[in-house]
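Reader: I would like a close look at a single part of this model, taken slowly and with the reasoning kept visible. Could you choose one sheet and describe how its strands are arranged, before turning to one residue elsewhere?

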Amino acid sequence: MPLPKLVVPEYELELPSTKETIKYRPFLVKEEKLLLTAMQLGEEKDMMNAVKTIIKNCTNLKTKVESLSTFDIEYVFLRIRSKSVGEVSKVLITCPDDNETQVEVEIDLESIEVSYPEGHTNKIELTDNIGIVMNYPSLDMFIKMNFTGEDISVENMFELTLSCMGQIWEGEEVFDCRSYTKKELNEFIENLKSDQFQKIQEFFTTMPKLEHEIEVENPETNVTSKVKLEGLGSFFA
């Protein structure tokens with residue numbers, strides 16, 4: 001006779017970028033094995049590919065995982081992980097007052113949310129009647145461009161901008177960027193003034209992200225400091 005099958009619970013969450021409600025389940029042993037193998041290899045690309053595969057397997061997403069923004073992917077994976085191996089994660093934090101002493105801190109993963117910086121928008125006004133609607137970059141694009149948010153080359157920013165252009169408007173007329181060649185979009189960007197291009201750069205540097213602030217007490221100095229954790233990797237040992 002066939003072996004019994006265990007019932008796997010399902011949960012719901014809201015995608016941060018689109019507010020779409022999706023269902024997800026905890027990852028199983030086969031998916032955990034994939035994740036552990038990627039962690040042992042230690043390569044960022046292997047880790048991200050494992051994360052994407054787990055999201056594909058554990059959700060009912062109707063869109064391709066590759067098309068999701070980085071903060072969508074991080075948020076979804078964090079929720080899957082918390083239901084799979086525990087809602088509390090222990091991480092080592094380096095105390096900022098001496099930048100040396102490490103303290104183990106417990107973090108409630110269910111309390112981690114995506115932070116939306118004040119004033120951030122994907123609708124950028126270039127002039128009084130001309131503007132651009134930006135799409136959030138996919139995780140694949142982030143990996144390809146090695147975009148960290150701290151050390152961004154002009155070339156990388158330019159390529160990232162071209163890949164994320166969604167629409168351009170002039171008054172009431174809207175131009176879908178998918179209908180234009182890379183050369184045409186390139187010419188549009190090259191004809192921007194420096195301060196106009198700076199507005200696009202601010203879109204990338206102020207994008208929503210996983211963020212959580214904690215207090216850490218240094219046992220060596222008795223100094224209590226606030227530490228801001230950002231990005232998926234910050235919430236795991």
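Author: Two strands are said to pair if DSSP finds at least two bridges between them. With that criterion in hand, and bearing in mind that this is a predicted model, one finds an open sheet of 3 strands in the order β5-β10-β11, in which the pairing is antiparallel. The edges of this sheet are formed by β5 (113-115) and β11 (224-230), each of which pairs on one side only. From one strand to the next, the twist averages 50 degrees. Strands of a sheet pair through backbone hydrogen bonds, either parallel or antiparallel. Here strand β10, which covers residues 209-217, is joined to β11 by 7 bridges, and these two strands run antiparallel. Within that pairing, glutamate 215 has lysine 226 of β11 as its bridge partner.

For the single residue, consider serine 17, which lies in the loop between β1 (11-14) and β2 (21-24). Serine 17 has a relative accessible area of 30%, and is therefore classed as partly exposed, since this value falls between the limits of 20% and 50%. Once its neighbours within four places in sequence are left aside, serine 17 is in contact with Ser69, Phe71 and Asp72. With aspartate 72, the side chain of serine 17 makes a side-chain to side-chain polar contact of 2.4 Å. As for valine 174, which is 157 residues away from serine 17 along the chain, the C-alpha atoms of these two residues are separated by 22 Å.

Technical notes. Residues numbered from 1 in each chain as written. Predicted model: local features only at pLDDT ≥ 70, side-chain atom pairs only at ≥ 80, totals over all residues. Heavy atoms only, no water. Helix = DSSP H or I, 4+ residues; strand = E, 2+ residues; numbered from the N terminus. Buried < 20%, exposed > 50% of the residue type's maximum accessible area, 1.4 Å probe, protein only. Contact = heavy atoms within 4.5 Å. Polar contact = N/O pair within 3.5 Å; in protein donor to acceptor, adjacent residues only side chain to side chain. Axes fitted to C-alpha atoms, helices over the stretch in contact; angles between N-to-C directions.
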